[in-house]
Amino acid sequence: MQATNRWTATAIVLVAFVAAIVLTLSDIRLASSQTVTLVAKQAEAEVPVDDPFDRIWNRANPIETPLSGQQIIQPKGGGDRAVTARALHDNDRLYVLLEWDDDTEDLMVGHLTEFTDAAALQFPVSEGESVPSFCMGDPTAPVNIWQWKGAWQTDIDQGYVDIPDIYPNASVDTYPFEDEDEFYPARIVGNIYAETDRTTPVDNLLAGSFGTITQADDQMVNGSGEWRNGSWRVVFARDLDVGEGYSRFSVNESTNVAFAVWDGAENERNGVKSVSQFLTLTVSDEIAEGAGGIDGWQIAMIAIGMAALVGVLAVFGWRGSRP
Amino acid sequence: MLGTAASQPVASKRLTSPDSLTAGLRPLAITLLAAVLAETLLLRIVVRVGVHVPKHSVFTGLFEAASTLGSLAFNFASVLALILLTLILTFVITNKRSRAFSPLIVFLAAALFVGLFLTLVTEAPEADALFGVAAALLALTVLITAMRVGDLTPAVAIALGLMVAAYLSYEYYTLGYVFYRIFDVAAIPPLSLDALRLGEALAMVAAGAVFFAWGLPRWGNIGRAGAAVVTVILLALIVAGLSPASTMAILALWTTGVSLFLPFPVYLLALALFLLTIVACFRDRQATWITAGLLLVLLAGYMAESTYQHLLFLIGIIFVSGLVLEGAERSVERA
């Protein structure tokens, strides 16, 4: 009897091993994700990129996800926070809204000790079974990062913040060649940080592991952020498909997304940030109504029905079993 | 004294009978554990950490080999977990003492497997809901069944209850969003993040309860070698946590799924207690199934982010609940 069972066990192990080889060679993983999914439903009305508090966002399904301090590489930092994310699309563009609590609105980087509030989304560049490392991707699986910066938002809303804005009482006797670009080397070589005429507060970046983050040639992500009553709301928007080299989205397809938030008041910048793990992002063909396809009473009735069924069976089992 | 107590843990008492079915299950469980350990080491740790190591010719080859072997181990473990869960649920269902719970377990197991199949072939949220609800209720049913028909000591019942409570907290967090999506409710489920953090805290408390239930009665089994192994693992984590390029977060986030919102020493203490218990049980020949179960629960992680991790958790708690042997003994009687 024992020998028979052992042979059966051996046969099961062999069959399982052969099945595993076939699955691996077919680049299939016998498991499906059970993470929280951020669903981008189709918006029937226009999604205004310049108004993060627009009512259209009330129709999107929000998710709330925890953030942890970045603890992988120096400088470590950030902390225990939470971010609420919503997403919509209009068949041409993907819109993602991030919302998080922040007691202070930090928008200036003029002084050495000033740091801006910021938020970022991270997507895998290429689709595949393997999710990139959440810490800035990896060489075989790069990531596309969209980072909104509060300081850039100020440049757009109030005009480029220059030295006189930061030191209004400073006086300069003479400043030769003030209007000649040759004397602003960063500006003339196209350094995006030196731009005086910004069109977007969102930086489009690529990375293939930490220490490799690079500004993308195409700055095609739009967005805007607004701080109200102790919380930020930031909208990101980009065409669904912009070709090779960047994250791509299509209706009825899924990819992954991770979030990061920086609090300037806490001297957070670069790697000093709060990060999430990768979640699933699905671009759905469902219409964003957000009204609830079912009301609270119906949900309660279904829950009570299920609980009653399981409860009856459990009670039957409890009473029928002998301790 | 502790050594004497170690020979009497209730859940392991029934595991001593040399029946044929457990003789058949044992190699399957050991193979599953080997595959899960290989997958964790190669896929979750080496590949995740290795992507940041500068690669040259020989390292590139080793990295690619680790990645391929890790994928193979993952699929092997997934297939074996599916088979093993089916077998041990069959044992529990056919157990004479827990037969009254059979209709409920059959109903939930059927829902679980149908849900699993649907999640693999579709991306419908209804499939995730079916699988998730079935898995959560099955875990709860295992707990109730074990408390009713098993001879669990209070410490074992508390430890098992805390593990299941932590799992249910995480399930509330994920399933809340799944149902809100299905019913198109544009709101955040109540207390979702609180439930997630409560579950993480419960998982840490559960580690302490696990130690009191199974580790402390076998304290004498740990020995210097066992203590040394646990110390080395903890020191590696501490050093990694203090080093400029740390693997601590990778280990924490990718392997166990905790978000580290509590002070780091709490996680170290919890891991130490859990590992000491596993070592103590491993060196007790009567506690094979408890060792296997605790290892599977640890490797499933707090956040079960894939169907595979859910299966590992369910197998793990069935093993530690002692219900497998209940079924096996009954089958032996029939034979």
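**Cores and contacts in a two-chain model**

Student: Which residues does Val210(B) touch, leaving out those up to four places away in sequence?
Tutor: Contact here is a pair of C-beta atoms, placed from the backbone, within 7 Å. On that basis, and skipping residues up to four places away, the partners of Val210(B) are Ala159(B), Gly215(B), Leu273(B), Phe274(B), Thr277(B) and Leu294(B).

Student: Before we go on, what kind of model is this?
Tutor: Residues are numbered from 1 along each chain as its sequence is written, and chains are lettered from A and ligands numbered from 1 in the order in which they are written. Local features need pLDDT of at least 70, side-chain atom pairs count only at pLDDT 80 or more, and totals for chains, interfaces and linings use all residues, as this is a model that is predicted.

Student: How many residues does the largest nonpolar core have?
Tutor: A nonpolar core is a set of buried Ala, Val, Leu, Ile, Met, Phe, Trp, Tyr and Cys residues joined through C-beta atoms within 7 Å. Buried means 20 or more other C-beta atoms within 10 Å of the residue's own, with C-beta atoms placed from the backbone. Val210(B) is among the residues with the most contacts inside the largest core, along with Ala87(A) and Ile315(B), and the core's residue count is 181.

Student: Which helix gives the largest share of this core?
Tutor: Helices are DSSP runs of H or I with at least four residues, numbered from the N terminus. The largest share is 17 residues, and it comes from residues 154–182 of chain B, helix 7.

Student: Why does this core lie between two domains of chain A?
Tutor: The bounds come from an automatic or database domain assignment. The core lies between them because residues are given to it by both domain 1 (1–31) and domain 2 (35–314) of chain A.

Student: How far apart are the C-alpha centres of those domains of chain A?
Tutor: Take the C-alpha centre of domain 1 of chain A and that of domain 2 of chain A: the separation is 44 Å.

Student: How many helices and strands are there in chain B?
Tutor: Strands would be DSSP runs of E with at least two residues. Chain B has zero of those, and its helices number 14.

Student: Which helix of chain B gives the most to the side that touches chain A?
Tutor: Across the two chains, 67 residues of chain B are in contact with 65 of chain A. Several elements give two or more residues to chain B's side, including helix 3 (20–50), helix 4 (57–94) and helix 7. With nine residues, the top contributor is helix 4.

Technical notes:
Buried ≥ 20, exposed ≤ 12 C-beta atoms within 10 Å, placed from the backbone.
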